[in-house]
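Reader: I am new to this structure and would be grateful for a close look at one part of it. Could the answer begin with a single helix and then follow its surroundings?

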Amino acid sequence: MMLHFENDYSEIAHPAVLQRLVETNLVSVSGYGNDPYCESAKERIRTACSCPNADVYFLVGGTQANATVISTMLRQGEGVLAADTGHIADHEAGAVEYTGHKVLTIPHVNGKVTPEALQAYLRAFHTGANTDHMVYPGMLYISHPTEYGTLYTKQELTEISAICREHEIPLFLDGARLGYGLVSDGADVTLQDIAGLCDVFYIGGTKVGALCGEAVVFTRGGTPRRFVSLMKQHGALLAKGRVLGAQFDTLFTDDLYVQISKNAIETARILKAAFSEKGYRFYIDSPSNQMFVVLDNETLHRLEKDVVFSVWGPEDENHTIVRFVTAWSTRMEDVQALIALL
């Protein structure tokens with residue numbers, strides 16, 4: 001049996017989620033999210049966010065959530081700002097560009113857009129002489145955790161939010177791994193903070209215990225008109241919407257979403273300590289469930305015989321940056337088996 005540390009969605013779903021789907025399997029309800037499970041889940045999410053007037057929608061996956069939200073909030077001729085390492089810039093096969101909107105990249109610092117870089121970009125654009133011939137920056141996309149597993153601080157997120165409001169562009173936060181970000185060591189950003197500082201964000205289910213699905217939350221009444229129709233147009237609307245509603249209703253009952261996220265951080269903490277103790281070098285200091293380790297190529301090929309992980313890219317001709325990921329489902333015995341191989 002191979003040890004799997006390549007992502008946080010190798011398993012199907014948390015047992016409580018599967019059990020809920022089994023229990024409600026033969027109950028007949030309306031489709032497309034017009035069911036009591038979706039309504040209950042929406043209310044639980046609003047309560048968790050301390051945002052009673054939020055609009056909540058359940059979409060089938062992360063790429064669909066990103067492309068649908070971005071393309072429906074932007075106007076024609078506008079693009080979305082993102083870190084040059086951002087998921088929409090590098091790992092979604094040009095899904096945003098496919099909708100007719102350019103991804104405008106800003107140099108990252110540890111995977112993050114900094115307030116200084118964002119302000120400099122927007123001021124340079126608005127004071128330039130050729131803005132009529134350029135793609136207008138109509139939105140900012142960030143993710144928390146980032147593509148490098150790093151986290152925004154509350155201060156950084158507050159400053160970024162203020163800059164977006166100054167320039168009248170919405171702030172969109174990709175929360176595909178949000179559960180892990182909320183419980184990571186040293187994290188000071190809460191779900192309520194995110195709801196208060198962002199115009200729209202989504203709560204990731206696919207990577208945090210759900211079979212599939214993401215919960216998109218519009219916090220300030222900026223939901224695009226006829227958004228459900230637009231979801232369907234983008235292939236993001238599930239006919240059996242109750243499947244998503246039942247899952248999120250379960251994940252947001254008794255704080256399950258947060259509780260299961262802790263396993264990823266606890267197992268990552270043990271694994272990081274082992275890497276350090278055995279003399280392995282980290283490419284970046286990530287406090288969440290993603291670990292970027294520099295391996296000499298001989299060690300890489302040795303580990304590949306027993307462990308599945310992601311190759312991020314070469315550091316030089318003799319060393320490679322690889323990524324190990326823990327999840328809500330990571331077993332301690334697998335962590336110990338990996339440590340023994342190290």
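The answer below begins with helix H11 and its packing, and then turns to other places in the chain.

Reader: With which angle and axis distance do helix H2 and helix H11 pack, and which residues make the contact?

Author: The model is a predicted one, and the description that follows should be read in that light. Two packed helices are described by the angle between their axes and the distance between the axes.

Helix H11 covers residues 242-251, and helix H2 covers residues 36-49. Their axes lie 7 Å apart, and the packing angle is about 40°. Angles from 35 to 65 degrees fall outside the parallel and perpendicular classes, and H2 and H11 are therefore oblique to each other. The crossing of H2 over H11 is left-handed. On the side of H2, the contact is made by Tyr37, Cys38, Ser40, Ala41, Arg44 and Ile45. On the side of H11, Arg242, Gly245, Ala246, Phe248 and Asp249 take part. Sorted by class, the contact of H2 with H11 has 6 nonpolar, 2 polar and 3 charged residues.

Helix H11 also packs with helix H1, which spans residues 15-23. The axes of H1 and H11 come within 9 Å and cross at roughly 135°. H1 and H11 are therefore oblique to each other. Here the crossing is right-handed. H1 contributes Ala16, Val17, Arg20 and Leu21 to the contact, while H11 contributes Val243, Ala246, Gln247, Asp249, Thr250 and Leu251. The residues of the contact of H1 with H11 divide into 6 nonpolar, 2 polar and 2 charged. Ala246 and Asp249 of H11 are named in the contact with H2, and Ala246 and Asp249 are named again in the contact with H1.

The loops beside these helices deserve a word. Gly235 lies in the loop between helix H10 (227-233) and H11. Its relative accessibility is 47%, so Gly235 counts as partly exposed. Leaving aside neighbours within four places in sequence, Gly235 is in contact with Val60 and Gln64. Gly235 and Thr299 are 64 residues apart along the chain, and their C-alpha atoms are separated by 42 Å.

On the other side of H11, Asp255 is found in the loop between H11 and helix H12 (256-277). Asp255 is not a glycine, yet its phi is positive, at about 60°. With 42% relative accessibility, Asp255 counts as partly exposed. A positive phi also occurs at Ser50, again not a glycine, where the value is about 55°. Ser50 belongs to the loop between H2 and strand S2 (55-59). The relative accessible area of Ser50 is 52%, and the cut-off for exposed is over 50%, so Ser50 is exposed.

A further helix pair is formed by H6, residues 115-126, and H7. The axes of H6 and H7 come within 9 Å and cross at roughly 10°. Because angles under 35 degrees count as roughly parallel, H6 is roughly parallel to H7. Pro115, Leu118, Gln119, Leu122 and Arg123 of H6 make this contact with Glu156, Glu159, Ile160, Ile163, Cys164 and Glu166 of H7. By class, the contact of H6 with H7 has 6 nonpolar, 1 polar and 4 charged residues.

Ile160 allows a closer view of this pair. Ile160 sits in helix H7, which runs over residues 154-166. Its relative accessibility is 0%, so Ile160 counts as buried. Apart from neighbours within four places in sequence, Ile160 is in contact with Val113, Pro115, Leu118, Leu140, Tyr152 and Leu171. Ile160 and Val113 are 47 residues apart in sequence, and their C-alpha atoms are 8.6 Å apart in space.

The chain ahead of H7 has a feature of its own. Pro145 is placed in the loop between strand S5 (136-143) and H7. The peptide bond that joins His144 and Pro145 is cis, with omega about 0°.

Finally, His87 is found in helix H4, residues 87-90. The relative accessible area of His87 is 18%, and buried means under 20%, so His87 is buried. The side chain of His87 makes a polar contact with the side chain of Glu147, at 2.8 Å. Beyond neighbours within four places in sequence, His87 is in contact with Glu92, Tyr141 and Glu147.

Terms used
Residues numbered from 1 in each chain as written. Predicted model: local features only at pLDDT ≥ 70, side-chain atom pairs only at ≥ 80, totals over all residues. Heavy atoms only, no water. Helix = DSSP H or I, 4+ residues; strand = E, 2+ residues; numbered from the N terminus. Buried < 20%, exposed > 50% of the residue type's maximum accessible area, 1.4 Å probe, protein only. Polar contact = N/O pair within 3.5 Å; in protein donor to acceptor, adjacent residues only side chain to side chain. Contact = heavy atoms within 4.5 Å. Axes fitted to C-alpha atoms, helices over the stretch in contact; angles between N-to-C directions. Parallel < 35°, antiparallel > 145°, perpendicular 65-115°, else oblique. Left-handed = near helix turned anticlockwise from the far one by under 90°. Nonpolar A, V, L, I, M, F, W, Y, C, P; charged D, E, K, R; others polar.
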